[in-house]
Amino acid sequence: MVDEYAQFIQKVKKKTGIDLSLYKETQMKRRLTSLYEKNGFRSFTEFFNAMVKDEKLYNAFLDRMTINVSEFYRNRNRWEVLQNKILPDLLKRSKRLKIWSAACSTGEEPYTIAMVLSHYIPLEQIRILATDIDENALQKAKIGVYNERSLNEVPEDMKRKFFRKENHVYIIDEKIKKTVTFKKHNLLADPFDHQFDLIVCRNVLIYFTEQAKTELYRKFSDALNLGGILFVGSTEQIFNASQYGFSPIETFFYKKVKNIR
Ligand SMILES: C[S@@+](CC[C@H](N)C(=O)[O-])C[C@H]1O[C@@H](n2cnc3c(N)ncnc32)[C@H](O)[C@@H]1O
């Protein structure tokens with residue numbers, strides 16, 4: 001068979017701007033195959049032809065390729081390191097930190113950043129940019145209503161302070177919400193803003209090919225101020241960090257120590 005998946009990738013890119021060739025192939029192919037089979041299609045070609053005509057199917061495709069799993073204080077001990085070691089250092093240089101939560105999914109991550117920072121700065125002074133490729137996820141993030149499971153790791157005092165429980169859901173405090181600006185952004189295609197002091201990008205790089213990751217680390221490095229920090233997910237250690245101008249300072253935290261271009 002001519003590589004049908006390769007053709008599908010090309011057509012999707014042309015139609016949506018999403019380049020699936022930058023995602024690890026085996027995983028992505030498996031996820032999408034199970035989706036089209038579940039919907040009664042027999043091939044990527046059939047699936048693509050239906051998807052361009054049916055918005056619900058296109059949304060199902062987006063939903064399947066984006067894996068939105070998230071939670072507040074995910075890998076909580078890393079957030080303790082951010083709070084107790086990384087932030088005090090960053091705040092010595094400036095009280096106005098420029099912060100980006102890249103691939104923020106349904107908002108748990110940028111809202112966690114705000115909660116952690118609230119130990120040092122009044123919420124009114126906190127500004128966080130949070131981006132994701134998935135508009136549905138961003139919509140949920142803006143609504144800010146979560147189930148109990150996403151709050152498992154939230155420290156009790158933060159839970160009391162920043163959530164209101166109603167029936168079976170938790171509603172996040174308006175003041176926390178106001179610290180975050182959500183925007184649609186594709187890490188693999190859209191330009192990056194610059195001069196960040198902290199970039200948090202967790203649990204998305206694992207889905208990308210090595211080539212895509214290399215390019216992204218370069219772009220994150222360019223986007224950070226000298227002395228700025230990149231905080232990655234707990235399976236996403238960067239090998240050869242120095243080639244991107246990074247120095248590992250704590251597990252899963254990298255400081256930009258030199259400009260690379
Ligand atoms: C597993 S979630 C991670 C959420 C959060 N960062 C965390 O660690 O809990 C992965 C997110 O990456 C987003 N994503 C996938 N490809 C992307 C891309 N090319 N650009 C931006 N976001 C992307 C997905 O939509 C999804 O919301």
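In sorting residues by class, Ala, Val, Leu, Ile, Met, Phe, Trp, Tyr, Cys and Pro count as nonpolar, Asp, Glu, Lys and Arg as charged, and the others, Gly among them, as polar. With these classes in hand, we can begin at the ligand of this predicted model, where the residues of the surrounding shell divide into nine nonpolar, seven polar and six charged. There are 22 residues around the ligand, and those that come nearest are Thr66, Ser70, Ala103, Ser105 and Asn203.

From the ligand we can step back to the division of the protein, which consists of domain 1, covering residues 4–66, and domain 2, covering residues 76–256. The centres of these two domains, taken over C-alpha atoms, are separated by 29 Å, and where the domains meet, eleven residues of domain 1 are in contact with eleven residues of domain 2. On the side of domain 1 that touches domain 2, helix H4, made of residues 55–66, gives the most, with four residues. By class, that side of domain 1 has four nonpolar, four polar and three charged residues.

The last part of the tour concerns the nonpolar cores. The largest of them has 52 residues, and those with the most contacts inside this core are Ala114, Leu198, Ile199, Cys201, Phe220, Leu230 and Phe231. Ile199 can serve as an example, for, leaving aside residues up to four places away in sequence, Ile199 touches Trp100, Ala102, Phe220, Ala223, Leu224 and Leu230. Apart from this largest core there is a second, separate core of nine residues, among them Val12, Tyr36, Phe47 and Met51.

Key
Residues are numbered from 1 along each chain as its sequence is written. This is a predicted model: local features need pLDDT of at least 70, side-chain atom pairs count only at pLDDT 80 or more; totals for chains, interfaces and linings use all residues. A residue is near a molecule or strand if its C-beta atom, placed from the backbone, lies within 6 Å of it. A nonpolar core is a set of buried Ala, Val, Leu, Ile, Met, Phe, Trp, Tyr and Cys residues joined through C-beta atoms within 7 Å. A residue is buried if 20 or more other C-beta atoms lie within 10 Å of its own, exposed if 12 or fewer, and partly exposed in between; C-beta atoms are placed from the backbone. Two residues are in contact if their C-beta atoms, placed from the backbone, lie within 7 Å. Domain bounds come from an automatic or database domain assignment. Helices (H or I, at least four residues) and strands (E, at least two) are DSSP runs, numbered from the N terminus.
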